[in-house]
Amino acid sequence: KNPVLQGHNTVGKLGYYLPWSLGSAVLSAVGNGLLSTLSSSTTTAKWIGYQILLGFGRGIGMQMPMIAVQNSLPPTMVSISMSLLSFFQTFGAAAFLTLGDTIFTNNLGTAIRNNAPGVNPYIIVAAGASGIRQVVTAPAQLAAVLAAYSTSVDRVFYLAVGCACGCFCCAWGTGWKDIRKQKKVEEPTKGEV
């Protein structure tokens, strides 16, 4: 079975989307917080586990705003609301990607200047994560650059934790509404008691 449809069926059976939105925000905040503890010595099992937790958290809540819009608004407003929701999800991702890149680049430059003064931060940024070892060959400088890189990545995850906490607060605005289909109760006809 398709896991996306499985999750939607679970929401349909339980009837409420708010717990999924809140759970998603909590798990995303915890997952991003754990990812902010990564360093150059973090084991593979830890970073894979952290990513699984974050992916599960994001996955259970990604479609909840769409379900909320479809079930809370009158049919005449659903199409425009869905298009606005899609726009803001895409725009928000692009804006925060740029913001995260700015945080990373600025912190990396500062950290390299403080920890490895002989290394040009612009060369490190241009080399990327996979090219650091080719650009920096001195062991002492390499350790300092890797620590600076790790610290800079951590700062980006702080932003993601803040966003997840903001999502937790905003999710309460979607309301507590039972979306299960209600069975129609037949009215007794005349003469029946």
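This report walks through the fold, the cores and the pockets of one protein chain. The structure is a predicted model.

**Overall picture**

Start with the secondary structure: the chain has eight helices and zero strands. Read from the N terminus, the order is simply α-α-α-α-α-α-α-α. The chain has 193 residues, and 30% of them count as buried. About 12,600 Å² of the protein chain is exposed, with carbon and sulfur atoms supplying 65% of that area. As for contacts between residues at least 6 apart in sequence, 65% of them join residues at least 24 apart.

**What sits in the cores**

In soluble globular proteins, nonpolar side chains tend to be buried together. Here, the largest nonpolar core has 14 residues, and Leu-108, Val-119, Ile-124 and Val-145 have the most contacts inside it. Helices α5 and α8 each put at least two residues into this core. The largest share, five residues, comes from α8.

Leu-108 is worth a closer look. Setting aside neighbours within four places in sequence, Leu-108 is in contact with Ile-124, Val-125, Ala-148, Tyr-149 and Ser-152. There is also a second, separate core of six residues, and Val-11, Tyr-17, Met-64 and Ile-67 are among its members.

**Two pockets**

Here is how the two pockets line up.

| Pocket | Volume | Lining by class |
|---|---|---|
| Largest pocket | about 1,300 Å³ | 23 nonpolar, 11 polar and two charged residues |
| Second largest pocket | about 400 Å³ | eight nonpolar, seven polar and one charged residues |

Take the largest pocket, at about 1,300 Å³. It is lined by 36 residues, and those closest to its centre are Arg-58, Met-62, Cys-163, Ala-164 and Cys-167. The elements giving two or more residues to this lining are α2 (18-35), α3 (44-61), α4 (64-72), α5 (75-115) and α8. Helix α5 makes the largest contribution to the lining of the largest pocket, with 11 residues.

The second largest pocket has 16 lining residues, and Ser-39, Ser-40, Leu-146, Tyr-149 and Ser-150 lie nearest its centre. For this second lining, two or more residues come from each of α3, α7 (132-135) and α8. This time the largest share belongs to α8, with five residues.

**Two residues on α8**

Helix α8 covers residues 139-171, and Ser-150 is one of them. Is Ser-150 buried or exposed? Its relative accessibility is 14%, so Ser-150 counts as buried, given that the cut-off for buried is under 20%. Not counting residues up to four places away in sequence, Ser-150 touches Leu-38, Ser-39 and Ser-40. Two of these partners, Ser-39 and Ser-40, are listed alongside Ser-150 among the residues nearest the centre of the second largest pocket.

Leu-142 is found in helix α8 too. Its relative accessible area is 15%, and therefore Leu-142 is buried as well. Which residues does Leu-142 contact, leaving aside its neighbours within four places in sequence? They are Ile-132, Arg-133 and Val-136. Looking further back along the chain, Ala-116 is 26 residues from Leu-142, and the C-alpha atoms of the two are separated by 8.5 Å.

**Pulling it together**

Helix α8 keeps turning up: α8 supplies five residues of the largest nonpolar core, and five residues of the second largest pocket's lining. Helix α5 also plays a part in both settings, with at least two residues in that core and 11 in the lining of the largest pocket.

Technical notes: Residues are numbered from 1 along each chain as its sequence is written. This is a predicted model: local features need pLDDT of at least 70, side-chain atom pairs count only at pLDDT 80 or more; totals for chains, interfaces and linings use all residues. Side-chain values use heavy atoms; hydrogens and water are left out. Helices (H or I, at least four residues) and strands (E, at least two) are DSSP runs, numbered from the N terminus. Buried means under 20% relative accessible area, exposed over 50%, partly exposed in between (1.4 Å probe, protein chains only). Contact means heavy atoms within 4.5 Å. On a 1 Å grid over the protein atoms alone, a cavity is a set of points where a 1.4 Å probe fits but cannot get out, and a pocket is an open set with protein on both sides within 12 Å along at least five of seven lines; lining residues have an atom within 4 Å of a point. Grid points are joined across faces, edges and corners, and a volume is the space filled by probe spheres set on the points. Ala, Val, Leu, Ile, Met, Phe, Trp, Tyr, Cys and Pro count as nonpolar, Asp, Glu, Lys and Arg as charged, and the others, Gly among them, as polar. Accessible areas come from the Shrake-Rupley method with a 1.4 Å probe; for residues, only the protein chains shown count as cover. A nonpolar core is a set of buried Ala, Val, Leu, Ile, Met, Phe, Trp, Tyr and Cys residues joined through side-chain atoms within 4.5 Å.
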